[in-house]
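Me: Could you take me through the aromatic rings of this protein, slowly and in plain words? I am new to reading structures.

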Amino acid sequence: MSDGEDPQPRRRRGRRRGRRSATSGEAKTGNETTAAGTPTKSAKSKSAKAGQRRPSRRGAERLRTVHETSAGGLVIDNIDGPREEQVAALIGRVDRRGRMLWSLPKGHIELGETAEQTAIREVAEETGIQGDVLAALGRIDYWFVTEGRRVHKTVHHYLMRFSGGELCDDDVEVAEVAWVPLPELPSRLAYADERKLAEVADELIDKLQSDGEAALPPLPVSTPRRRAQTHSSTRIRRADEPVRGRKNGRGPGP
């Protein structure tokens, strides 16, 4: 090659990057077919996956949220007497594990009822005794899921004076009832929020005995309920389970 001649560019041998060489006798397409036109195993799996639809999150069933309001009370017998003689009425329900859980009587506020009226009615239905509302103990709210619904429940509690009746567990949703001495409430009540209400009750009872009923805080305004609400079952009793009607009056609880 003379000095005046331009050098010829060399061509690279082999394949260029990014380009696949066709195999002799095969025509590869996006579906990856063989020479005979039969889809390969890989192509079959891809087409099967393409036919499967991914589950849509929007299509998943969502729980319907409902709001419920209840009311109940802590009924004290001998509330004006010596503290060592005071007892409170509790109800016991059996949970899914077979445990007895003690709590305050309470239930749904029905159409046309105020929270105070509901507390008096529910105490009578679940314990067989009557009580008079003295003061508000507080409000508890919590969430739970039942029967395909997500429930937000609010419960109004009141301090009540025992006014008559005989303690019994005739209500089908109640497994046991008992008069419990006030010092035993922290260890007997199953729920921490209700144990705090028992502490509030102690303070109100001290104020009641020292300064009289007029010293208690006024009851919050409660208007009659104007709209019906859903009722969530708290315990399902078996069909073959007998309904007990043990009456223990003012005797000691179990």
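Reply: Happy to help; here is a look at the aromatic rings and their surroundings. This is a predicted model, in which local features need pLDDT of at least 70, side-chain atom pairs count only at pLDDT 80 or more, and totals for chains, interfaces and linings use all residues. Residues are numbered from 1 along each chain as its sequence is written, and side-chain values use heavy atoms, leaving out hydrogens and water.

The term pLDDT is the predictor's confidence in each residue, from 0 to 100. The protein chain averages 80, and 67% of the residues score at least 70.

Now to the rings. Rings of Phe, Tyr and Trp (its six-membered ring) pair if their centres lie within 6.5 Å; planes under 30 degrees apart are stacked, over 60 edge-to-face, and the rest tilted. The count by this rule is 2 aromatic pairs. One of them joins Phe162 and Trp179 edge-to-face, with 5.4 Å from centre to centre and 90 degrees between the planes. This pair links distant parts of the chain, 17 residues apart: Phe162 belongs to strand 6 (residues 149-165) and Trp179 to strand 7 (residues 176-181). Strands here are DSSP runs of E, at least two residues long, numbered from the N terminus.

Buried means under 20% relative accessible area, exposed over 50%, and partly exposed in between (1.4 Å probe, protein chains only). Trp179 is buried at 4%, while Phe162 is partly exposed at 23%.

Charges also sit over rings, meaning NZ of Lys or CZ of Arg is within 6 Å of the ring centre and within 35 degrees of the ring normal. Arg150 places its charged end over the ring of Trp143, 4.2 Å from the centre. Arg188 lies over the face of Trp102, 5.5 Å from the ring centre.

How values were computed: Helix = DSSP H or I, 4+ residues; strand = E, 2+ residues; numbered from the N terminus.
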